[in-house]
Amino acid sequence: MTLHENEIPVDETLVRSLLKAQRPEWAGLPLAPAGAGTENTMYRLGDDLLVRLPRTADKGESLWKEQEWLPRLAPLLSCPIPEPVHAGAPTAAFPPVWSVYRWIDGDQAGPDTVRDWSAFGADLAAVVRELHSIDLMGATRTDGLSWYRGGGLEPCDQWIGGSLDDCRTTVGSELDVDALEQLWRAALALPGPSAPHVWLHGDLKPTNLLVREGRLHAVIDFGALSVGFPDAEHSTVWDLPAQARQAYWDALSLDDVTWARARAWAIAVGVSGISYYWHTYPAFVAECRARLRAILADAATR
């Protein structure tokens, strides 16, 4: 499945060649596909390791951030996060950096794995509160840790407007795109964020939240790690059931203005995901459609 221009083909042969050249002690371990996201392809290596490879050369920066910062953040978080154990060097066959991590057991958050959604929402809020309270250790948005979701909404308005127009064509028969745009514009009219910059995971959607024994166990995929305003961090709660969303809001005592900006970020990611991946990644488009449906249903009750 090709999602981007200039995507680098990856298969087992390539992965084994990289391991043989750089970590020959691992080259003979069992290797099996472990899924792929919008930015990386993963392979499970043996019982205890995970290989993560960027889809395109420019995605390598996200793995550099993980290699640089996750070892510093991990001791300050109470839940497991990925542990890099090898920083893969670029090669002629694979130009970006790549990574090997310790494998973390767990299942993606979903109706078949989470026992109590209210407890899950409160647990996720606790993780966010913990991450956002960690000292920046001198890091700033100028240190390769600047991402659009950690800034304000205004710089995104033009391209989100285009994505909304695309959605009118593709999903306008099932979603009230005009209502979504009204929510987006209402958030743009609010005062901008003024909270201090914090560490941001950047993409706390269910596929990045691992569950064990029915409870939140680990947070993975810190490729969107950044420093910035916290509003967008809350946007993925619209990917969760309403009871989880309410428990999250209550646990963090979020005010209405922050909630409105977070919802606008949820709209932005949803409509842009539908626009960009409409022809290439139907599973992700389905996630975005479900998020937007949840936003509309939630807005009708508040």
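**Loop residues, sheets and helix 4 in a predicted model**

Methionine 137 lies in the loop that connects helix 3 and helix 4. The structure is a predicted model. The backbone of methionine 137 adopts a positive phi of about 55°, although the residue is not a glycine. With a relative accessible area of 32%, methionine 137 is partly exposed. Glutamate 213 also departs from the glycine pattern: its phi is positive, at about 50°, and it is not a glycine. This residue sits in the loop between strand 8 and strand 9. Glutamate 213 counts as exposed because its relative accessibility is 67%, above the 50% cut-off.

The strands on either side of glutamate 213 belong to an open sheet. Three strands make up this sheet, in the order 6-8-9, and their pairing is antiparallel. Strand 6 (107-108) and strand 9 (215-219) are the edges, each pairing on one side only. Four bridges link strand 8 (residues 209-212) to strand 9 in the antiparallel sense. One pair in this ladder is valine 211 with leucine 216, the latter in strand 9. Helix 3 (residues 117-132) packs on the sheet. Its contacts there include strand 8 and strand 9, and its direction makes about 30° with that of strand 9.

A second open sheet holds five strands. Their order is 1-2-3-5-4, again with antiparallel pairing. Strand 1 and strand 4 (84-88) form the edges, and each pairs on one side only. On average, neighbouring strands of this sheet are turned by 25° against each other, direction ignored.

Two hairpins share strand 2. Strand 1 (residues 31-36) and strand 2 are antiparallel and pair over four bridges. Within this pairing, alanine 36 stands opposite threonine 41 of strand 2. Three residues separate the two strands in the hairpin. On its other side, strand 2 is joined to strand 3 (residues 49-54) by six bridges, and the two run antiparallel. Here arginine 44 faces leucine 50 of strand 3. This hairpin also has three residues between its strands. One turn residue, glycine 46, has a positive phi of about 60°. Strand 2 (residues 40-45) is mostly covered, with five of its six residues buried.

Towards the other edge, strand 4 pairs with strand 5 (residues 98-102). The pairing is antiparallel and spans four bridges. Glycine 88 has tryptophan 98, in strand 5, as its bridge partner. Helix 2 (residues 60-73) lies across strand 2, strand 3, strand 4 and strand 5. The helix runs at about 140° to strand 4.

Helix 4 (residues 157-170) was examined along its length and around its axis. The helix has 14 residues. From its first C-alpha to its last it reaches 20 Å, close to the 20 Å expected at 1.5 Å a residue. Its buried residues include Ile160, Gly161, Ser163, Leu164 and Cys167. These residues lie on the same side of helix 4, because they cover an arc of only 160° around the axis. The buried residues pack against helix 5 (177-188) and helix 7 (256-277). The face turned away from the buried side carries the exposed residues Gln158 and Thr169.

Cysteine 167 leads to the question of disulfides. A search of the whole structure finds zero. A disulfide is a covalent bond between the sulfur atoms of two cysteines. For cysteine 167, the closest cysteine sulfur is that of cysteine 288, at 8.5 Å. That separation is too far for a bond, since the criterion requires sulfur atoms within 2.5 Å. Cysteine 167 is buried, as its relative accessibility is 1%. Cysteine 79 also counts as buried, at 12% relative accessibility. Both values fall under the 20% cut-off for burial.

Definitions and conventions. Residues are numbered from 1 along each chain as its sequence is written. This is a predicted model: local features need pLDDT of at least 70, side-chain atom pairs count only at pLDDT 80 or more; totals for chains, interfaces and linings use all residues. Side-chain values use heavy atoms; hydrogens and water are left out. Two strands pair if DSSP finds at least two bridges between them. Contact means heavy atoms within 4.5 Å. Axes are lines fitted to C-alpha atoms, for helices over the stretch in contact, and angles run from 0 to 180 degrees between N-to-C directions. Buried means under 20% relative accessible area, exposed over 50%, partly exposed in between (1.4 Å probe, protein chains only). The expected span of a helix is 1.5 Å times one less than its number of residues. The arc is that of the directions from the helix axis to the C-beta atoms.
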